[in-house]
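Work through two short exercises on the structure below. Try each task before reading its solution.

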Amino acid sequence: MSESVSVRVNGKAVTVRAGATVAVAVLASGAACRTSVSGQPRSPLCGMGTCFECRVAINGEPQRRSCQVLCESNMEIEAYG
Amino acid sequence: MNKPAEVVIVGAGIVGAACASELAAEGLRVLVIDEGFPSRGSTGAAMGHIVVMDDSEAQFAITRYSQILWDDLRDQLPCAVEFDPCGTLWVAADENEMGEVRRKFDYYRERGVNAEILDSQQVREAEPQLRASLAGGLRVPGDSVVYPPCATGFLLQRARHLGARVLHGQPVAAIGKGVARLADGTVFAAGFIINAAGQSAPRLSAGINVKPRKGHLVITDRYPNFLHHQVVELGYLTSAHSLTADSVAFNVQPRKTGQILIGSSRQYGADNAAVDDSILARMLQRAFAYMPDLRLLSAIRVWTGFRPATPDKLPLIGPSPEDPSVLVAAGHEGLGITTSLATAKLICSQILGQRPAIPIQPYLPSRQMAAEAHV
Amino acid sequence: MDSVKHLRFDVAVVGAGPAGIAAALAAADSGKSIGLIDDNPAAGGQIWRGAQTEPRPSAKSVWFDRLNKSAIQIVRGARVFHAANGELAAECDDSAVQITYGRLIVATGARELFLPFPGWTLPNVMGAGGLQALLKSGLDIAGKRVVIAGTGPLLLAVAAYARKCGAKVVGICEQTTWPRMVRFGMKMLLAPGKAPEALRFAYDLRGIPHWTDCWPVAAFGNRRVEIVRISRQGQTSEIECDYLACGFHLIPNVELPRMCGCRLQQGFVEVDECQQTSVAGTYCAGEPTGIGGLELALVEGEIAGYAATNWEDRAKHLFAKRARHQKVVGILKDAFPLRSELKNLARPDTLVCRCEDVPHERLCEHSSWRAAKLHARCGMGPCQGRVCAPAAEFLFGWEIDSVRPPVFPVRCSSLAAIPSHTAAPRN
């Protein structure tokens, strides 16, 4: 079993440990997850799926809570932060 | 001490707020009393669609008049009111409904309302999310959308600037004979009392027939560019016609935030505000039938509201059957937001003894007594 | 996308943290069919997040081994959003799920209380539990400077864990007073079985500055936090950091029990001695009944599991153990009350609602949560007020109103799949 997983965040390749969440991959890439309604960059707050700050698009599907999704090989993640 | 009010308005929903704003602008001393906070009733649950309707001449007259008033006001409305001139798209599922489209088109055109018939392809170009096999539709670009609680807030604020007073959290126990009495015993005397108490209107004025008609709405997360118009199925008119059966109809609205508001449902006799799972499911399935990708959108909230409905679907605007010092401004069913401004003008013209801009007979509360007398 | 899975359990347990796991295992002893439903990709909840992948053996691994060997069906990645008349409606990534149950055990745990202060919305300002969750989810924090702030024993646990992960923990800012902190330490040392844990904590945290009467006043940075300004016994100072992990203790997740019609007392689910709520056949265990930590959650879970499968004898045997651990609830309440200075951290332009970006000054215009929601839109976003409502309750004293479905945002298709053959809708 592989110890790391490779995904793409905003087109950039990011490698995280196996079992890591998409939120971690976004943080590792240096991007914020989303832009708030008044234009602020936002990243995870609660880490447990209740605050909705970590929303990104995963493989084209928008508004996914990235802290609740495990990274899978070659996932395309768009973080609008 | 403040001078006593010349007009007391019971109810700080959009109708009460519009009346307050209009009367204060005419220089009258106004007091608005609400049992809770503004927009706590039907206004707070409303969709906020400003629409010209053709159900009857009287309905057309008041919705058209009011729509023009909203347009005149639009530049003064702050951002929070979210005024959006998105227009309405009435969609026809089949040739039968296309006949209705053509009838509506002629009706509006004859009366100077801009409208455009769209065929099957054009209606999808106007709203790409609509399913492929629709027969066509009618676009009415002059219709718009507002966020009702903030629209009410704006009108009340304007009224305050012009000297009106607003009391919150004060239930009114009784009105009549130039007096409004609060539940705590406080009494306000005024030349005119306006009953704009929404669902509570029949409690305060005898002889008016207003019954709650429950509706459900769903609001989604933000999906900018999903929807461009308020889109309504022509079957909506059948739903709005039924006086007894529970019904649903496809009716969706784009909010300026990018959120989508999904409706609509109508139920008579439902007396609690709890969400009815089975009507909700029916309403959503109906919406999916017209716009399949609504299925995928994230629903954040579901709520219910009560439209104050009259048997003939026209509002009650005018003297209460039992007491001419009480003016009723209630029973607007699903057109409260639209017709609030016109209602205020008509009420104002009655108080000032001026000629109303449109004939007022169809809306007089006394018609309900007459109707009952004939039964 | 419209597919609906139908599942049936004699006992459905919602929440796979310690309380839920304990409840499911106790219920499974009866041989009945047990379902354990959780939103996360794996069981463990918050405190045991990622435990399945940790090196064995440990106290918690015993629980996971039992779980894996049992006949309990774990339904992962499922958010429960509605409950009525013996049916739960949940949503997974690829379908809706309808779960019919005979008995229901709610073990939905707790979340952190967040209080607004200038700069709290900057990236890398997160909860204390939030940081811990991200670390367990793979966040690499080696060499990074972390300030931990807020209140409660969670700060200590997070500090220890962050340090183990290679972070430089610059300091712990605890808002409670020094005397309260000392009393808390003494009580934990004296509590049964807690002394080794308390001493281990002290060792794990050696050398890390721990300040009481201390709280964050503002966070600064360009696109992420770079400096935290703290107030410490009347003086402010500034600390450079890469992460600010800040949480003000825990609030119970009572949305689902509320939806089910369970009675609450002072914000917690009211239960009888068998952990049954005011709704017959619905039980509740763990933090939603009172913030009391791991041991209490485990024993409450077990009691609920036995009671739900009519094994009252076994449940009764655990009453004494529960009573011992119940003391933690009072100890925590006494040790970490929120001080009034925290109400004044937010400036007029500090956002309170992060989903809709509603600033403090817009909330001040109103005198109730409902009015504020309707006019200022706070709490109208996807978190459904989970972040801002408790903050508003603390800041303004507003009572937060009742809950309507969906208890969690879900796809419209899932909402339409709610079982409709039920009787009258619940209030």
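**Exercises on an interface and its cysteines**

The model is predicted.

**Exercise 1.** Describe the interface of chain C and chain A, starting from its salt bridges.

*Solution.*

Step 1. Count the salt bridges. The rule finds four across the interface of chain C and chain A. In one of them, Arg354(C) pairs with Glu53(A), with the closest N and O atoms 2.5 Å apart. That falls within the 4 Å cut-off.

Step 2. Add the polar contacts. Across this interface, 14 residue pairs qualify.

Step 3. Locate the elements. On the side of chain C that touches chain A, β7 (110-112), β8 (125-126) and α3 (128-136) of chain C each give two or more residues. α3(C) gives the most, with six residues.

Step 4. Sort that side by residue class. It holds 18 nonpolar, 10 polar and 11 charged residues.

Step 5. Size the contact. Chain C supplies 39 residues and chain A supplies 33. The area buried between them is about 2800 Å², with 57% from carbon and sulfur atoms. In chain C, the residues losing the most area to chain A are Leu134(C), Ser137(C) and Arg354(C), together 18% of what that side buries.

**Exercise 2.** How many disulfides are there over all chains? Check Cys71(A) and Cys262(C).

*Solution.*

Step 1. Apply the cut-off: two cysteine sulfur atoms must lie within 2.5 Å. The count over all chains is zero.

Step 2. Take Cys71(A). Its closest cysteine sulfur, in Cys33(A), is 11 Å away, too far for a bond. Cys71(A) is buried, at 8% relative accessible area.

Step 3. Take Cys262(C). The nearest cysteine sulfur, that of Cys260(C), is 5.3 Å away, and Cys262(C) is in no disulfide. Cys262(C) is buried, at 6% relative accessible area.

Conventions: Residues numbered from 1 in each chain as written. Chains lettered and ligands numbered in written order. Predicted model: local features only at pLDDT ≥ 70, side-chain atom pairs only at ≥ 80, totals over all residues. Heavy atoms only, no water. Contact = heavy atoms within 4.5 Å. Buried area = accessible area lost by both parts, 1.4 Å probe. Salt bridge = Lys/Arg side-chain N within 4 Å of Asp/Glu carboxyl O. Polar contact = N/O pair within 3.5 Å; in protein donor to acceptor, adjacent residues only side chain to side chain. Helix = DSSP H or I, 4+ residues; strand = E, 2+ residues; numbered from the N terminus. Nonpolar A, V, L, I, M, F, W, Y, C, P; charged D, E, K, R; others polar. Buried < 20%, exposed > 50% of the residue type's maximum accessible area, 1.4 Å probe, protein only.
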